[in-house]
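Please go through the model below. The report that follows takes up its domains, bonds and contacts in turn.

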Amino acid sequence: MSQTVHSSGDHQPDENRRDFLTLATTAVGVVGTGVALWPFVDSMNPSKDVLALASVEVNLANIPVGQAVKVMWRGKPVFIRHRTEREINEANEVALNELVDPQADDARVEKKEWLIVVGVCTHLGCIPMGTATGEARGDYDGWYCPCHGSHYDTSGRIRRGPAPKNLEVPTYTFLTDTTVRIG
Amino acid sequence: MSAPQWNNKVVKWVDDRLPVISMLHHSAYEYPTPKNLSYMWNFGSLAGFVLVTMILTGIFLVMNYTPHTDMAFESVERIMRDVNHGWLIRYIHMNGASMFFICVFIHIFRGLYYGSYKAPREVLWWIGILILLAMMATAFMGYVLPWGQMSFWGATVITNLFSAFPIIGDPLVTWLWGGFSVDNPTLNRFFSLHYLMPFVILGLVVLHVWALHSVRSNNPTGVEIKTPQDSIPFHPYYTIKDLFGLGVFLIFFCAFVFFAPDYLGHPDNYIPANPLVTPPHIVPEWYFLPFYAILRSIDFTILGIPAKLLGVLAMFASIVILFVIPWLDTSKVRSSKFRPVYKWFFWLFVIDTFILGYCGAKAPDDYFMGIPGLKVIVMGQLSTLYYFAHFLVVMPLVGKLERTKPLPASISESVLKEGANA
Amino acid sequence: MRKFALTAIAAAFAVTAFTGNAAKAAGDAPVPPSQDWSWKGLFGTYDRAQLQRGFQVYKNVCAGCHSLRFIAFRNLEGIGFNEDQIKAIAAEYDIEDGPNDDGDMFTRPGKPSDYFPSPFPNEKAAAASNGGAIPPDLSLMTKARVAGPDYVFALLTGYEEEAPEGFDLSDGKSYNHYFPGHQISMAPPLYDEAVEYTDGTPATLEQHARDVVAFLNWTAQPELEARKELGLKVILFLIVLTAMLYAVKRKIWRDIEH
């Protein structure tokens with residue numbers, strides 16, 4: 001159907017040049033197309049207004065000892081528990097080698113009496129029970145995830161059940177003794 | 001064209017079961033293409049490229065757009081300000097609509113000049129007109145989505161066109177609106193259809209290319225491919241030529257997107273829709289201006305048919321008439337290159353559409369290009385008259401009366417002759 | 001053939017050029033004179049100091065009646081304020097929030113993520129306080145008018161103390177040379193020394209107008225600098241790629257008579 005373009009032989013040097021040129025052009029074109037796709041991918045990352053709301057400030061003054069609250073942070077609940085002396089001791093008494101995801105209580109809190117964790121079960125993302133007074137807190141006095149039966153202790157660490165990791169600790173800073181900024 | 005033998009086992013396995021690879025190979029690789037196509041033949045593939053770009057940018061815009069009268073304008077501004085690269089995606093989409101029409105209009109004028117609508121390419125031409133109609137509907141509904149002043153009033157004016165039809169007119173408009181004015185239900189259905197239509201266009205494009213590949217490309221001489229010497233395989237010759245054309249086109253496109261993104265738009269669309277205030281000058285987007293001028297130029301009654309209905313009919317007729325031009329054109333010769341008389345009428349027609357565009361942008365009582373005594377409405381009427389006369393009078397008559405230049409015996413002969421002259 | 005191609009390309013440019021202009025030429029007011037803005041042209045950028053002065057004018061003058069609803073305090077980073085300055089600016093504003101645990105709405109100092117509050121609770125209140133005319137939101141003003149920045153500047157500096165003889169000016173309206181119909185509900189907002197600039201720039205009416213227009217052009221097009229910077233890179237890249245494609249095309253077509 002087509003005619004032959006080059007007879008091989010005489011055009012050898014030109015052939016090489018064309019190959020190089022074609023190759024280089026293809027490379028530039030492919031790179032350009034790849035870069036052009038980035039804005040589309042990037043547009044699905046959190047937008048600026050979403051990022052601007054990525055931190056919340058919480059007043060702790062109204063949380064009595066022994067109680068916990070849930071606050072919304074980045075569309076997820078964060079549990080803030082004002083721990084009792086007994087709960088703090090429970091968290092510190094357990095030997096690290098007994099833990100599924102070994103982590104000392106010290107490494108998970110900034111102030112002993114305040115435990116702040118993301119309230120999302122590390123198994124498949126359900127919200128564990130145990131924050132509101134009267135809810136089942138599981139066998140380790142922390143939280144209990146009703147979906148698949150994971151038990152968390154008073155440091156939010158996984159003790160039994162299918163969850164692989166401890167409840168995540170968000171970054172937070174105490175602005176004063178009674179206000180904390182999460183995120 | 002025998003089925004190619006595939007060396008790759010996976011390719012062969014798939015192709016033996018579903019010959020899609022062979023099909024692509026035939027149509028995008030070895031498709032025998034006239035060797036003398038000019039750069040005017042680039043605009044079809046360019047239009048295809050813009051269609052894909054519009055679908056891609058559109059899909060990502062929808063991820064952040066809210067089709068509700070209370071939130072549409074805000075969500076578009078959120079795209080412009082907060083979504084990462086949102087301004088870029090939106091400006092590409094906004095200007096892409098204009099680019100699509102630029103490509104398609106040039107593509108159509110090329111078809112008119114070289115007689116690409118004549119037998120055996122009538123169905124190919126028809127599908128093209130359907131694509132144009134689908135594009136116009138899509139562009140119109142898309143323009144409503146940002147819910148600015150022009151969105152709202154453009155939607156109001158254009159949907160009101162349908163009220164021109166006797167008896168069914170008013171119920172039809174109420175049905176289109178889903179209420180008693182353009183409102184949230186209207187916005188929602190336009191959004192739904194605006195998302196659907198591009199895929200309808202894509203389907204039509206597949207048919208368009210299918211039809212093209214069974215009747216083969218026309219070419220500047222209008223003489224069909226006769227011998228293997230007349231054609232070259234599509235790849236690499238036309239793939240590279242199309243890609244080069246794409247590069248030039250992208251520079252043009254990007255100049256608008258990055259340096260004059262709002263140039264082709266209307267400032268009023270940055271004012272949120274207000275059903276109580278009509279902007280002083282309602283003007284459609286530039287690609288609708290010639291049709292808008294035809295609509296407005298009918299300000300008289302014929303045989304008791306009111307002007308409003310006549311205007312609407314004239315506007316629809318201006319596109320529908322394209323369906324019958326394969327039979328209105330009586331010439332035995334396709335390409336205007338060999339039609340010394342018709343060629344002039346063709347250019348007159350091109351100028352006519354520009355004049356119509358100008359008239360569509362102006363208020364009817366303005367003076368045409370500032371010429372005293374020549375009202376825009378009068379100029380619009382004359383241009384509308386020529387628009388239809390071109391198809392209904394010039395095409396049949398000139399085709400019969402004109403003495404055409406001798407045609408080359410074949411594409412390769414014409415190529416050799418031009419080469420010798422150069 | 002080449003001629004045809006050139007004509008078509010010229011036509012494409014012509015179509016965009018002339019319909020663009022034709023669609024925009026409108027109105028019975030005089031055309032505002034073109035000003036020399038810093039952001040014009042391929043390499044134009046904003047002048048941060050000017051934007052901050054313009055913000056000062058907006059805050060002290062315009063904000064009394066005009067909202068700026070698409071701008072959050074955090075956006076002020078774009079005119080060169082740092083995080084602490086933005087927090088301080090935000091804290092000057094009272095933002096309505098709530099409901100609190102008692103179910104009541106309350107006001108609190110603004111945070112960077114808050115948007116500029118509207119001076120009026122709703123459109124009816126805005127109309128009632130302004131003789132029936134609603135002061136428009138300014139976030140997109142320079143994009144929402146033909147030749148936006150030039151027009152807003154001309155409007156702010158285009159007040160005349162007395163309407164020309166024979167002009168029937170209604171009560172409570174002012175005569176403005178550039179406003180369509182010349183009767184504008186907004187009393188002359190700017191005057192010399194309307195705002196005392198912190199950077200010592202002479203506080204003339206014209207300077208105020210120029211600065212606030214610059215600020216409003218930024219609120220309308222905060223992406224302008226990023227857009228032009230990316231645009232230059234993209235177009236340079238495309239020129240190189242297109243030149244290479246042309247070379248490849250020449251090579252491939254070299255032995256074809258066409």
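## Domains of chain A

The centres of domain 1 of chain A and domain 2 of chain A, taken over C-alpha atoms, are 54 Å apart. Domain 1 covers 10-42 and domain 2 covers 50-182. These bounds come from an automatic or database domain assignment.

The model is predicted: local features need pLDDT of at least 70, side-chain atom pairs count only at pLDDT 80 or more, and totals for chains, interfaces and linings use all residues. Residues are numbered from 1 along each chain as its sequence is written, chains are lettered from A and ligands numbered from 1 in the order in which they are written, and side-chain values use heavy atoms, with hydrogens and water left out.

UniProt adds two annotations for chain A. An unreviewed entry lists residues 20-41 of chain A as "transmembrane region". That span is 100% helix and 0% strand. Its end C-alpha atoms are 32 Å apart. For residues 108-181 of chain A, an unreviewed entry lists "domain: Rieske". Here the figures are 0% helix and 31% strand, with the end C-alpha atoms 16 Å apart. UniProt positions are given in the numbering used here, feature names are shortened, and annotations may be inferred rather than shown by experiment. Helices (H or I, at least four residues) and strands (E, at least two) are DSSP runs, numbered from the N terminus.

## Cysteines

How many disulfides does the structure hold over all chains? The count is 1. A disulfide here is a pair of cysteine sulfur atoms within 2.5 Å. Cys126(A) and Cys147(A) form the bond, with their sulfur atoms 2.1 Å apart. Cys126(A) sits in the loop between strand S4 (114-118) and strand S5 (141-145) of chain A, and Cys147(A) in the loop between S5 and strand S6 (150-153) of chain A, so the pair ties together parts that are 21 residues apart in sequence. The torsion about the S-S bond of Cys126(A) and Cys147(A) is about -100°, so the disulfide is left-handed.

Cys147(A) is partly exposed, at 39% relative accessibility. Buried means under 20% relative accessible area, exposed over 50%, and partly exposed in between (1.4 Å probe, protein chains only).

Why is Cys103(B) not bonded to Cys254(B)? The sulfur of Cys254(B) is the closest cysteine sulfur to that of Cys103(B), yet it is 13 Å away, too far for a bond. Cys103(B) is buried, at 0% relative accessibility. Cys65(C) is in no disulfide either; the nearest cysteine sulfur, that of Cys62(C), is 9.2 Å away. Cys65(C) counts as partly exposed, at 31% relative accessibility.

## Chain C against chain B

The size of an interface is often given as the accessible area lost when the parts come together. Between chain C and chain B the buried area is about 5,200 Å². Carbon and sulfur atoms give 76% of that area. Buried area is the accessible area (1.4 Å probe) that two parts lose on being put together, summed over both. The contact takes 58 residues from chain C and 60 residues from chain B. Contact means heavy atoms within 4.5 Å.

The interface of chain C and chain B has 2 salt bridges. One of them joins Glu74(B) and Arg69(C).

## Salt bridges

The whole structure has 29 salt bridges over all chains. The rule asks for a side-chain nitrogen of Lys or Arg within 4 Å of a carboxyl oxygen of Asp or Glu. The table gives some of them.

| Residue | Partner | Closest N and O atoms |
|---|---|---|
| Glu74(B) | Arg69(C) | 2.4 Å |
| Asp139(A) | Arg160(A) | 2.7 Å |
| Asp211(C) | Arg53(C) | 2.8 Å |
| Lys233(C) | Glu229(C) | 3.6 Å |

In chain A, Asp139(A) lies in the loop between S4 and S5 and Arg160(A) in strand S7 (residues 158-160), so the pair ties together parts that are 21 residues apart in sequence. Arg160(A) is partly exposed, with a relative accessible area of 41%.

In chain C, Asp211(C) belongs to helix H6 (residues 205-220) and Arg53(C) to helix H2 (residues 48-60), so their salt bridge ties together parts that are 158 residues apart in sequence. Asp211(C) is buried at 0% relative accessibility. Arg53(C) is buried at 10%.

Lys233(C) and Glu229(C) both lie in helix H7 (residues 224-253) of chain C, 4 residues apart, about one turn of the helix. Lys233(C) is exposed at 53% relative accessibility, and Glu229(C) is partly exposed at 48%. In chain B, salt bridges that share partners join Lys118(B), Asp329(B), Arg339(B) and Glu402(B) into one network.
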